[in-house]
Amino acid sequence: MCGITAFFAYRSTAAAPRREELEAITARMIPRGPDAGGTWISPDGRVGLGSRRLAIIDLSPEGAQPMWDSAGELAIVFNGEIYNYAELRASLERGGARFHSHTDTEVLLELYRRDGARMLGLVRGMFAFAIWDTRTRRMFVARDPYGIKPLYLADDGGVIRIASEVKALLAGGAVSAAIDPAGAAGFFLNGSVPEPFTIRKDIRAVDAGTSFFLEEERGRVDVRRYYSIAEVFARATEDHLVDPAVFVRERIDESVRHHLVSDVPVGLFLSAGIDSSALAQIAARQTKLHTFTLSFHAFSEAPLAERFAKELGTTHTTRLVSPKELLDDLPRILERMDQPTIDGVNTWFISKAVHEAGVKVALSGVGGDELFGGYPSFKNVPRIVHFPRLAHLAARARRHPKAGQIPTHAKTYGRAYFLQRSLFFPDELPHILGEDMAREGIEQLALLDRVDAVLDPDPLTAFGRVATLEASLYMRNQLLRDADWASMAHSVEVRTPLVDAWLLRQLAPVLLRGDGKSVLGSTLPPYLRDRPKTGFFVPMKEWLDLRPDGTTTRMRSWARRVWESFA
Amino acid sequence: MSIIFLVTDAYGGHGGIALFNRQFCEAIGVPITVIPRVVRGEIRDVPPNVTFVAEAAKSPLAYLRALTAARRSKPELVICGHLNLLPVAFNRPLLVVHGYEAWKRRRAALGKCRGVISVSALTRDRLVGWSGYTGPTYVLPNAVRLEQYGIRPKRADLVERYKLEGKRVLLTVGRLDSGERSKGFDEVLDVLRELPEVVVYMIAGGGNDFTRLQKKAVDLGVANRVVFTGLFDERDKPDLYNLADAYVMPSRGEGFGFVFLEAMACGVPVIGSKADGGREALRDGELGLLVDPANPAELRAAIVETLARGERRVPPGLDYFSFGKFAERSRAILSAAGIAFTS
């Protein structure tokens, strides 16, 4: 788990970046990887690689990055974790490959040598990496299927720079910090900046589940989508031999086993919700576990979590967070926040607790709602699409602020979904961003079309469509991104056994029928199973004493506060 | 001491379950009365310790008569050879479960069983998963008689019949069942296009899914690289395996996967599934490569790797499934169930 960066001055007429820039970008990411760091620039100065490393697998200096293969032909910078690396390594060794370390990093190098871009179908994990191939003078870049690990790119027409953080690219000094109207509009509409936009005009997110090459004179070529959530659902064929409940548990059990690969102790965020409790139950059977729960006085789930942790026999820490601590940490939170978001504060504090306990890796139950249909959207979105007039009337009766939008926004799954998830509405933006930026932002964003585009090919059922939307939009742009920056700020690696491309492929046939959630909770004690869903949030409004504007949610005013720190 | 064994089929039967039943009877070596539901083929090689009540299979009435007689004989132990037969089993039976018949929630009076024998840990876990069964369980994997197989030269008439000269052959043996579709034929066809032209896929077995699979091969443009043998003569089986360069079965429905043992006994390298009992037949990857049937990339890579090595040998670890070991395990289970062995 690390922070990475690379540059390629692909146009011969372009000036190559200086070493100081590479060093500055790398230095910005020290919290992501406090254990070691390194940079490399090719003798001709046209290619550079940089890394900060948090050592999880192979703690020896052999794991240092940028890492070269034994033949000295391939170099890699890699952020993430490959859970099936031992299996892949065995396969490569049977084919004659030789290794000089015990890292998953080196496995990626040899796998690339053997399979090229095809390697991505074999890799189970979360990752963003760049491999410099001296034989072809091409750089291979890839990001994991769900976008768990971030990767950003800036292309000025002569040099392409990539890095794990938007703020790191800015820290190099060569990329403009101009605000992207589309990113700004997206933040106010969604609560997070929707990919591929970022909050900076000249920086774009690398698409999750894609890879490409960087090539001399041509820049980015051979862009390939190797994994699509919509396609997984579209191609799922029903598997009717097995009891769905038994099958789902079996597959999750296996996913957890994969996610426990580590040379260091493993923790788990325990919220007393079904997803994290079920994960704790499964993981505690497989390893010695340290569970962590946050407590905020009035909103505390801590007593339930403590009781459950005791039953499981885990080492348990309840971390009390006070309003004062939140206010004290606020400047640092905003400083480490890579892009504006209305969330992530919870992950900040739980990761802080994990770090204080000397633990480097923590499992999180994020993704359970997307997988098993835990959100209201799984019911509401199909309802709005199929009965828009009814939905409109019902919302009006409840004086819901979004009621008026239903007739215009609800014609497709994508639009209805947007309605469900939006924070502000397009016609509110001029008040916040000013007329020009709002108009330009909304135009460029073409948000509603973008939302519908996620559903290609059609994921077969209503469940498949909403699950795809949730995973591709809210989870990727908000939950996973927040989990990344807020945990990395404390040098903690978050692992997500329920956000796993392989797990989804296995479960899709069962999930399409929509009966998963009860499965996960079925073996939990009643005091956890039968309580209402509460989420895992910090009482921001109360603590920050921000006046809610009374329209939609308390998050709206926090959003403005975050915005001010970026604008 | 008397043991009654209620089975779907055994002698004169085909397939994995009949084979398991025959192996079990022979392995325990003590007197046992076997009552079958069906007898399809010729009854051969019934060992001296076995009383095979073939007439029970003639009609429902005959079956009832046989059951009544068995009940009157006051047996010491009743073994129920299939979950479907549990309703007619009596006397706190020892139940045997094989595969997907026990994978899904269904009505079953498991409470009346004194124990459950499963051919794999997977089938046991799945049964326990939906039923909450808490009684004793035993895992008893299939056995393979190594002496009946072995590495042999490719039989010229078969090479010619299936046009395999100069080809690299992938093989799957199994029934082509349109209701089940779990053998992994589709998955192999899907990756065939991405493999070198010289690789052909031989599907050995009959069944009602043939037309669909053939059409699929045509649609994928690989029809000229797929060989359907149809139903084959059991006696040709070892020779059929010996035609293969790799035995590939990325299945989802195998309780255990006896065919893997047969292929390995012929020295053919195997590729099995992580998602079903094949995993156990391959000893968790010790005896062959395991792939996720849902992941084409993994399957393709495993095939490429196996063909590249091109190695033919009977893996030493296959001994784990020898008949001797099977007999020891069978007897240990009966001892645990309260049957004393004098030998």
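## An opening puzzle

Does Arg137(A) count as buried, exposed or partly exposed, and how many C-beta neighbours does Arg137(A) have inside 10 Å? The count is 16 C-beta neighbours inside 10 Å, so Arg137(A) goes down as partly exposed. For that label, the number has to fall between the exposed limit of 12 or fewer and the buried limit of 20 or more. Keep in mind throughout that this is a predicted model.

## How far to trust chain A

On the confidence side, the average pLDDT of chain A is 89, and 90% of its residues score at least 70. One stretch to watch is residues 546-553 of chain A, where the pLDDT is below 50. Even so, that stretch has 14 contacts in the model beyond near neighbours in sequence.

## Chain A and its domains

The domain assignment splits chain A three ways: domain 1 covers 2-227, domain 2 is made of 232-371 + 478-559, and domain 3 runs over 375-471. Take domain 1 of chain A and domain 3 of chain A: their C-alpha centres are 34 Å apart. They do meet, with 10 residues of domain 1 of chain A in contact with 17 residues of domain 3 of chain A. On the domain 1 side of that meeting, seven residues are nonpolar, three are polar and none is charged.

## Chain B and its domains

Chain B has 343 residues, and 45% of them count as buried. Its secondary structure amounts to 11 helices and 13 strands. Along the principal axes, the C-alpha trace of chain B spans about 65 × 40 × 40 Å. The radius of gyration of chain B is 21 Å, which agrees with the value near 20 Å for a compact globule, because that is what 343 residues would give. Looking at contacts in chain B with a separation of 6 or more, 61% are between residues 24 or more positions apart.

Here the split is two ways, into domain 1 (3-143 + 322-336) and domain 2 (146-318) of chain B. The C-alpha centres of these two domains of chain B are 29 Å apart. Between them, 13 residues of domain 1 of chain B are in contact with 10 residues of domain 2 of chain B. On the domain 1 side, the elements giving two or more residues are helix H1 (15-28) and helix H3 (121-131) of chain B. H3(B) gives the most to that side, with three residues. By class, the domain 1 side of chain B has six nonpolar residues, seven polar ones and no charged ones.

## Where the two chains meet

Across the chain boundary, 16 residues of chain A are in contact with 19 residues of chain B. Three helices of chain A give two or more residues to its side: H2 (85-94), H7 (244-259) and H21 (501-511). The chain A side breaks down into six nonpolar, four polar and six charged residues.

## The nonpolar core

In soluble globular proteins, nonpolar side chains tend to be buried together. In this model the largest nonpolar core has 273 residues. The residues with the most contacts inside that core are Ile76(A), Phe129(A), Ala130(A), Leu170(B) and Met202(B). Helix H20 (residues 462-488) of chain A supplies the largest share of the core, 14 residues.

Ala130(A) is a handy place to zoom in. Leaving out residues up to four places away in sequence, Ala130(A) touches Ile4(A), Ala6(A), Leu49(A), Ile76(A), Val77(A), Met139(A), Val141(A) and Ile162(A).

## Backbone oddities

Most residues other than glycine have a negative phi, and most peptide bonds are trans. Against that background, a few spots stand out. The bond from Gln65(A) to Pro66(A) is cis, with omega near -5 degrees, and Pro66(A) is in the loop between strand E3 (47-53) and strand E4 (67-68) of chain A. Glu195(A) and Pro196(A) are also joined by a cis peptide bond, with omega about 5 degrees. Pro196(A) is in the loop between helix H5 (181-190) and strand E10 (204-205) of chain A.

Back to Arg137(A): its phi is positive, near 55 degrees, and it is placed in the loop between strand E6 (125-133) and strand E7 (138-143) of chain A. In chain B, Asp284(B) has a positive phi near 60 degrees. Asp284(B) belongs to the loop between helix H9 (278-281) and strand E13 (289-291) of chain B. With 10 C-beta neighbours inside 10 Å, Asp284(B) counts as exposed.

Methods. Residues are numbered from 1 along each chain as its sequence is written. Chains are lettered from A and ligands numbered from 1 in the order in which they are written. This is a predicted model: local features need pLDDT of at least 70, side-chain atom pairs count only at pLDDT 80 or more; totals for chains, interfaces and linings use all residues. Domain bounds come from an automatic or database domain assignment. Two residues are in contact if their C-beta atoms, placed from the backbone, lie within 7 Å. Ala, Val, Leu, Ile, Met, Phe, Trp, Tyr, Cys and Pro count as nonpolar, Asp, Glu, Lys and Arg as charged, and the others, Gly among them, as polar. A nonpolar core is a set of buried Ala, Val, Leu, Ile, Met, Phe, Trp, Tyr and Cys residues joined through C-beta atoms within 7 Å. Helices (H or I, at least four residues) and strands (E, at least two) are DSSP runs, numbered from the N terminus. The radius of gyration is taken over C-alpha atoms; the globule rule is 2.2 Å times the number of residues to the power 0.38. pLDDT is the predictor's confidence in each residue, from 0 to 100.
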